[in-house]
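Good morning, colleagues. I would ask you to look at the structure on the screen while I describe its main features.

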Amino acid sequence: CPKPAWGGKGFGLIGRSWAMLFASGGFKVKLYDIEQQQITNALETIRKEMKWLEQSGSLKGSLSAEQQLSLISGCGNLAEAVEGTMHIQECVPENLELKKKIFAQLDRIVDDRVILSSSSSCLLPSKLFVGLAHVKQCIVAHPVNPPYYVPLVELVPHPETAPATMDRTHALMRKIGQTPVRVLREIEGFVLNRLQYAIISEAWRLVEEGIVSANDLDLVMSDGLGMRYAFIGPLETMHLNAEGINSYILGRVFLLHVLFVFLPLSFSQDMCMKVPDDPGHLDARRQWRDDCLMRLAQLKRQVQPQ
C-alpha cells in the first residue's frame, strides 16, 4: 500500500487542497485537527469537491474519485496521525507562535526520516523552525492559491535544512503534479510575493499618478503581460524578443534606465542553456510560444464574461 503522505492540521482551502493533491498521487492521507468537527467538515467538503472534479473531467491523477477518497482519513490524535508518515504538511493560519507551537509538538514525536513542511506564505524558516532537534528535516513548501489549479510550490529551506530534505520534497511535489521551485536561501516574501508586490506597487503608482486608469492598467496585465507570462517568464520573454537576452539588453538603452543595473551574466547563461540563441532554436521556441498564445486567446474569448 502507498505510504501515508500527510499528517496535516488546519482545513481551509489550502489544507483541503493538499489532501486532495496527495491523494491524487496515490498517497494515503491523514487529516489532523484538535476539533473532530473540523475533520468531519473537511472530509465532507473534499468528497463533494472530488466528485464535482470527476464529473467535470478535471480530477487529477489516474485514480477515480472513490479510490482517492478511500486514501483520505481523519485522526484526532497527533501521535497517531503522524505515525509511519513520510511527509507532514502544516496548514494552520499564518501565525508564527501558533506554527512554532505545532512544530515543537511534532519535533518531540517524529523520527529522523519524516519531513516537516510548512505551507507558510511569508514566515521565514529560520523563525519557524528555530530550536528544533529535527531542523535538518524542516522546509517551507509554499503553494499558490488555489493549489489544485495553480501548480507552483516554492520550496524554501532553513539555513540548516539538509539537501536531501529539499530533494525529497521536490520529488514529492513533482509526483503529485505540482511545479516545485527551489528558493536557494530564505528571503522575506520568498520569490512569488516579491514579484507580485513589485507589480502591485508599480501598478498602484501608475494609477495614482494619473498615467493610466485602473481598468486599463488591469488590461495591460490580463491582455498583455499576463498572456505572455502564462507560458514563459520575464527572462525568457526578453530572450525570445530579440536574438537572445544579451541582444535584447544591448539594443534597448531605455531598459537600463528602468532597471538601473545590468542583468547578471548568469541570466544569459541560464537562458542560453534553456534555449540556445541561434536562429533555429529561437525560432522553434517562438513558434511554440505563439501556438500557446493562440490557444490561450481562443480560451479567453470563450470564458469572457458577458
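Let me begin with a term: helices and strands are here DSSP runs, of at least four residues for a helix and at least two for a strand, and they are numbered from the N terminus. By that definition, the chain holds 14 helices and eight strands. Please keep in mind that this is a predicted model.

I turn to the chain as a whole. It has 306 residues, of which 40% count as buried. The chain exposes about 16,900 Å², and carbon and sulfur atoms supply 58% of that area. Among contacts between residues at least 6 apart in sequence, 65% join residues at least 24 apart.

Next, please find helix α14, which covers residues 279-303. How far apart are the end C-alpha atoms of α14? They are 36 Å apart, and this agrees with expectation, because 25 residues at 1.5 Å a residue should span 36 Å. The buried residues of α14 are L282, R286, R289, C292 and L296. Their cover includes α9, residues 214-229, and α10, residues 234-240.

One of these buried residues leads us to the charged pairs. Side chains of opposite charge can pair when their charged atoms come close. R289 and D290 form such a salt bridge, at 3.0 Å from N to O. Is R289 buried or exposed? R289 has 16% relative accessibility and therefore counts as buried, the limit being under 20%. Its partner D290, at 36%, is partly exposed.

A second pair, E94 and K99, also joins a buried residue to a partly exposed one. K99 is buried, with a relative accessible area of 1%, whereas E94 is partly exposed at 37%. The closest N and O atoms of this salt bridge are 3.8 Å apart.

The third pair lies in helix α8, residues 192-208. Here E202 forms a salt bridge with R205, and the closest N and O atoms are 2.5 Å apart. Why are E202 and R205 separated by about one helical turn? The reason is that the two are three residues apart in α8. An α-helix has 3.6 residues a turn, so residues three or four places apart point the same way. Both partners are partly exposed: E202 has 33% relative accessibility, and R205 has 35%.

Finally, R47, K51 and E66 are linked in a network of salt bridges. A search of the whole structure finds 15 salt bridges.

Definitions and conventions. Residues are numbered from 1 along each chain as its sequence is written. This is a predicted model: local features need pLDDT of at least 70, side-chain atom pairs count only at pLDDT 80 or more; totals for chains, interfaces and linings use all residues. Side-chain values use heavy atoms; hydrogens and water are left out. Buried means under 20% relative accessible area, exposed over 50%, partly exposed in between (1.4 Å probe, protein chains only). Contact means heavy atoms within 4.5 Å. Accessible areas come from the Shrake-Rupley method with a 1.4 Å probe; for residues, only the protein chains shown count as cover. The expected span of a helix is 1.5 Å times one less than its number of residues. A salt bridge is a side-chain nitrogen of Lys or Arg within 4 Å of a carboxyl oxygen of Asp or Glu.
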